[in-house]
Amino acid sequence: MTEVAELPPAPEAARAIFGERLPDAIRYGELLADVGVRRGLIGPREVPRLWERHLLNCAVLSEVVPEGVSVCDVGSGAGLPGIPLALVRPDLKITLLEPLLRRTNFLGEVVELLGLDHVSVVRGRAEEVLGTVTPVHVVTARAVAPLDRLAGWGVPLLRPYGEMLALKGDTAEQEVKGARAALSKLGAVETSVLHVGEGLVDPPATVVRVEVGESPGGVRFAAKRAKAARTGRSRRRRSP
């Protein structure tokens, strides 16, 4: 049987970051520490550092997300960074995209429990939903894969001139250098490394921002999107 640890008390920075939604952030943390561990969504060793390494680290991503935009959190897992971002930014329309059923079930439960009306949960892989979900202004992701592979999943979901924001670690600069050719093929026009949460989280969170031009995903994905859109229109015409 999996041993369940107790969520540590919220640090002072949590109040500054979550404000009036701090009770919901605490409830979410408790769910991660209990149900999340029991269902294998996070490891029990992560519970003592849930606040600093996960909740706060994800919430400060809000500093670089534009106001009032649509967001898709790719490979959302247990809801990181999508749920903390949703708690601090009710102005955003957020989709949590996750392929595994046990994770989407958990995400749906959290969204309902916390009353996150601006958040929806979609089960599927990024490459599977291409053309069936509305392109978004911002794609978020959290270290689920190397940058070039992550961009291959996330960038095609963007609308023209959108951006992908990927939470990364100490190797961010090296990953950007190694992925430049792949990012260029995906339609990226600028890539930068940002540090967010200064004075709130230590160390500050590292974010790779990939900005795209008018063809997110490049020529190959533009053709895929067009084909998916035609298929969707055809299905709608055949529906009674």
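Half of the chain is tucked away: buried residues make up 50% of the 240 residues in the protein chain. The model is a predicted one, and its secondary structure comes to 9 helices and 7 strands. As for how the chain meets itself, 68% of the contacts with a separation of 6 or more are between residues 24 or more positions apart. The outside adds up to about 12,100 Å² of accessible surface, and carbon and sulfur atoms account for 49% of that.

Helix 7 makes a handy starting point for looking at what is buried. This helix covers residues 147-154, and its buried residues are Leu 147, Leu 150, Ala 151 and Gly 154. Looking down the axis of helix 7, these buried residues fall within an arc of 100°, so they line one face of the helix. A mix of elements covers them, including strand 1 (70-74), strand 4 (136-142), strand 5 (158-168), helix 8 (172-185) and strand 7 (205-212).

Gly 154 belongs to this set and deserves a look of its own. With a relative accessible area of 1%, Gly 154 counts as buried because that value falls under the 20% cut-off. Setting aside residues up to four places away in sequence, Gly 154 touches Val 74, Val 139 and Met 164. Val 138 sits 16 residues from Gly 154 in sequence, and the C-alpha atoms of the two are 9.3 Å apart.

Leu 114 is another buried residue in a helix, this time helix 5, which runs over residues 101-114. Its relative accessible area is 7%. Not counting residues up to four places away in sequence, Leu 114 touches Arg 21, Asp 24, Arg 27, Tyr 28, Ile 83 and Leu 87. One of these partners, Tyr 28, lies 86 residues from Leu 114 along the chain, yet their C-alpha atoms are separated by 8.0 Å.

Loops have buried residues too, as Ser 62 shows. Ser 62 is in the loop between helix 3 and strand 1, and at a relative accessible area of 17% it is still buried, because the limit is 20%. Leaving out neighbours within four places in sequence, Ser 62 is in contact with Leu 85, Val 88 and Arg 89.

Turning to the pockets, the largest one holds about 390 Å³ of space. It is lined by 19 residues, and the closest to its centre are Arg 53, Asn 57, Arg 142, Lys 168 and Ala 205. Helix 3 (50-59), strand 5 and strand 7 are the elements that give two or more residues to this lining. The biggest share comes from helix 3, with 4 residues. Sorted by class, the lining of the largest pocket has 10 nonpolar, 3 polar and 6 charged residues.

The second largest pocket comes in at about 300 Å³. Its lining is made of 15 residues, with Leu 41, Ile 42, Ala 78, Leu 80 and Arg 142 nearest the centre. By class, that lining splits into 6 nonpolar, 4 polar and 5 charged residues. Arg 142 turns up in both pockets: it is among the residues closest to the centre of the largest pocket, and it is also among those nearest the centre of the second largest.

Notes:
Residues are numbered from 1 along each chain as its sequence is written. This is a predicted model: local features need pLDDT of at least 70, side-chain atom pairs count only at pLDDT 80 or more; totals for chains, interfaces and linings use all residues. Side-chain values use heavy atoms; hydrogens and water are left out. Buried means under 20% relative accessible area, exposed over 50%, partly exposed in between (1.4 Å probe, protein chains only). Contact means heavy atoms within 4.5 Å. The arc is that of the directions from the helix axis to the C-beta atoms. On a 1 Å grid over the protein atoms alone, a cavity is a set of points where a 1.4 Å probe fits but cannot get out, and a pocket is an open set with protein on both sides within 12 Å along at least five of seven lines; lining residues have an atom within 4 Å of a point. Grid points are joined across faces, edges and corners, and a volume is the space filled by probe spheres set on the points. Ala, Val, Leu, Ile, Met, Phe, Trp, Tyr, Cys and Pro count as nonpolar, Asp, Glu, Lys and Arg as charged, and the others, Gly among them, as polar. Accessible areas come from the Shrake-Rupley method with a 1.4 Å probe; for residues, only the protein chains shown count as cover.
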